[in-house]
Amino acid sequence: MSRIVHVNGAYLPEAEASVSIFDRGLLFADAVYEVTAVIDGGLVDFDAHQRRLRRSLAELGIAFDPEAADLRGIHRELIARNNLSEGLIYLQVSRGSADRSFVQPAQATPTVMLFTQAQALVDNPEAARGLRVITRPDLRWHRRDIKTTQLLYPSMMKSLAVAEGVDDVWMLEAGTVTEGSSSNAHIITRDGRLVTRALSNDILHGITRAAVLDYAREAALAVEERAFTPAEVMAAEEAFITSATAFVSPVVEIDGTPIGSGCPGPAVARLRSLYIAESRARLSR
Ligand code: PDD
């Protein structure tokens, strides 16, 4: 089924939408993006995604004002026009088009594109069975806090994982886990503490991570923000990822070693239910 997408102010059938071959998003990955979940036709954590978008744009010096462009209105319009009940909205803002040059143009007009993707997020079979991960070195650049479209290495790692018959890679730096290929990584220790890497330029500051930590603290779960090793993952009671589309999903194996019982556990199941219930109660429409 053909979607209606949005490019630079226009709503178009997807086959009619295009961007310039000189777009710096294509040539240099000179672009930032956001993925916002949609459940029950409403947006999950829209304001937090917009705040991170503004930060990413500012870090790269891309002159684009999300409010002036009424991104909220565009998100709503795309949900309505595509009759989207559950799935995601992808938004990308590039610096714009200019003759190819390593010098960033001072005057380019940003390219803005959004599209919807229908997907089952709440009843996700991966969350029911649990994910198996392998570890690999984190060879990405060192500004992972900026949500740029430089996704080649994460895409290579995800593909490698699938080729090896598992679900994802957890990337390692200096002996500790940074992130999954497109998610934040967390463990729950045998004494019931949620351990998650602290925010820095090493990882994307996940919107789902932030919400889950808030809900976990409200539920009186101890939270420890620090780096952890693969050995700690192997010794953990449970492990999980967070992302806009995976929500909270259990990780049940790392490098062939079962984590805890080797099956999705109760603490992560509780966090997932809590996250979905709280998100539903706060949807933006
Ligand atoms: N990715 N870390 C990385 C490297 C990510 O790409 C993502 C999200 C996250 C989780 O962030 P959030 O909770 O804000 O979605 C962490 C999105 C979903 C993607 O690229 O599809």
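A salt bridge is taken here as a side-chain nitrogen of Lys or Arg within 4 Å of a carboxyl oxygen of Asp or Glu. The exercises below apply to a predicted model.

**Exercise 1.** Determine how the protein chain is divided into domains and how far apart the C-alpha centres of domain 1 and domain 2 lie.

*Solution.* Begin with the bounds: domain 1 covers 4-118, and domain 2 covers 125-281. Next, take the C-alpha centres of the two domains, which are 26 Å apart. Finally, turn to the contact, to which domain 1 contributes 21 residues and domain 2 contributes 19 residues.

**Exercise 2.** State the area buried between domain 1 and domain 2, and identify the three residues that supply more than any other three of the area buried by domain 1.

*Solution.* The buried area between the domains is about 1800 Å². Carbon and sulfur atoms account for 62% of this area. On the side of domain 1, the three residues sought are Tyr33, Ile39 and Arg52, which together give 32% of what domain 1 buries against domain 2.

**Exercise 3.** Examine the pair Asp145 and Arg55 against the salt-bridge criterion, then characterise the interface by its polar pairs and residue classes.

*Solution.* The closest N and O atoms of Asp145 and Arg55 are 2.9 Å apart. The cut-off is 4 Å, so the pair qualifies as a salt bridge. Across the interface of the two domains, three salt bridges are found, together with seven residue pairs in polar contact.

On the side of domain 1 that touches domain 2, at least two residues come from each of β3 (31-39), α2 (46-60) and β5 (87-94). By class, that side holds 12 nonpolar, three polar and six charged residues.

Technical notes:
Residues numbered from 1 in each chain as written. Predicted model: local features only at pLDDT ≥ 70, side-chain atom pairs only at ≥ 80, totals over all residues. Heavy atoms only, no water. Domains from an automatic or database assignment. Contact = heavy atoms within 4.5 Å. Buried area = accessible area lost by both parts, 1.4 Å probe. Polar contact = N/O pair within 3.5 Å; in protein donor to acceptor, adjacent residues only side chain to side chain. Helix = DSSP H or I, 4+ residues; strand = E, 2+ residues; numbered from the N terminus. Nonpolar A, V, L, I, M, F, W, Y, C, P; charged D, E, K, R; others polar.
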